[in-house]
Amino acid sequence: MTEPLRVAVLDDYQGIADTVDWSPIPRPAEITSLREHIAPGPALAEKLAGHEVVVAMRERTPIDATLLAQLPTLKLLVTTGPFNAAIDVAAAHRIGITVSGTGGAVTPTVEHTWALILGLQRHLVTEDLRIRNGLWQSTIGSDLHGATLGLVGVGRIGSRVAAIGKAFGMNVIAWSPNLTDERAAKAGVVRVDREALFAAADVVSLHMVLAETTRGLIGAAELAAMKPSAILVNTSRGGLIDEAALLESLRGKQIRGAALDVFQQEPLPPAHPLATLPNTLLTPHLGYVTEGVMDIFYRDIVEDIAAYCAGSPLRLLTG
């Protein structure tokens, strides 16, 4: 009798794995959905022990060489999306673990970026809570038309955010370390230097990949250069911002507010200082969490596992 294929799905917060059709996998599959986040350490290694396949939901859980060395039965590691900076792919390959990815989509993050911008500009959470408590309007919203949108990064996501900003009638400027006038023109934005972007923008939105060269990219100097009426929006990675500097800026009302979908530590710990401030709008890394993206993720997860079982793994990550 064929041994069941033991599959663990990490950080399945919404329990989606329990609704997926796993039948295309040619071996009997035993699916374990881990709905609560487990921090790296002995408890995580214990939960994953004995599994041949582990599915990582984006970069919610770091999977490093230390963890991989404690999982001798692990043969296939699937990450949602085409890359995952939280996985030590080289370490996995050294001990014979296949690493596969999935497809994805960028438009949900674009949409969520604008949900955060609009939510903060028009005080939607404050007014929603007031009306539920029998109160009426108390805030004054900020206009987008005629305002300046400053994009830090204009790649696949940033360029789409720029197009929507222009549709609102905003002036769109951009900066990134490698941005050229030609690439800026292609995205329909005006390239400016770093200092000019933070000084001129009414809305600063981050769309950069987190790397050692971009960690802490937004620090005290950048925040101090921003207008007191400006807001900062981050749907990329929490590590792009010096969190201590941001907290100081928000407490001192050096900027009007911050709308954040990503954080240095995720899940955000209870009673985190960012959650105690009145000038923040916070969401739990929802940028890519839509029905359409999850359909893509789980379709490809099942295909990846089936292909592994057939001896022809798909969508291999090389590093």
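Hi everyone, let's start with strand 4 and strand 5 (residues 98-100): these two run parallel and are joined by three bridges. Within that pairing, Leu76 stands opposite Thr98 in strand 5. How does the chain get from strand 4 to strand 5? It crosses through helix 3, residues 89-94, and this β-α-β crossover is right-handed. I should say right away that what you have in front of you is a predicted model.

Now stay with strand 4 and look at its other neighbour. Strand 3 (residues 53-56) also runs parallel to strand 4, with four bridges between them. Here Ala56 is the residue opposite Thr79 of strand 4.

So much for the pairing; what about the faces? As a general point, side chains in a regular strand alternate between the two faces of the sheet. Are the side chains of strand 4, residues 76-79, buried or exposed? Leu76 and Val78 on one side are buried, and so are Leu77 and Thr79 on the other, which leaves both faces covered.

Let's move along the chain to another sheet. This one is open, has seven strands with parallel pairing, and follows the order 8-7-6-9-10-11-12. Its edges are strand 8 (190-191) and strand 12 (280-282), each of which pairs on one side only. Strand 8 pairs with strand 7 (residues 171-175) in the parallel sense over two bridges. One residue pair to find there is Ile173 with its bridge partner in strand 8, Val190.

Last stop, a helix on this sheet. Helix 10 (residues 243-251) packs there, touching strand 10 (231-234), strand 11 (257-260) and strand 12. Its direction makes about 135 degrees with that of strand 11. Thanks for listening!

Definitions and conventions. Residues are numbered from 1 along each chain as its sequence is written. This is a predicted model: local features need pLDDT of at least 70, side-chain atom pairs count only at pLDDT 80 or more; totals for chains, interfaces and linings use all residues. Side-chain values use heavy atoms; hydrogens and water are left out. Two strands pair if DSSP finds at least two bridges between them. Contact means heavy atoms within 4.5 Å. Axes are lines fitted to C-alpha atoms, for helices over the stretch in contact, and angles run from 0 to 180 degrees between N-to-C directions. Buried means under 20% relative accessible area, exposed over 50%, partly exposed in between (1.4 Å probe, protein chains only). A crossover is right-handed if, with the strands pointing away from the viewer, the path from the first strand over the helix to the second runs clockwise.
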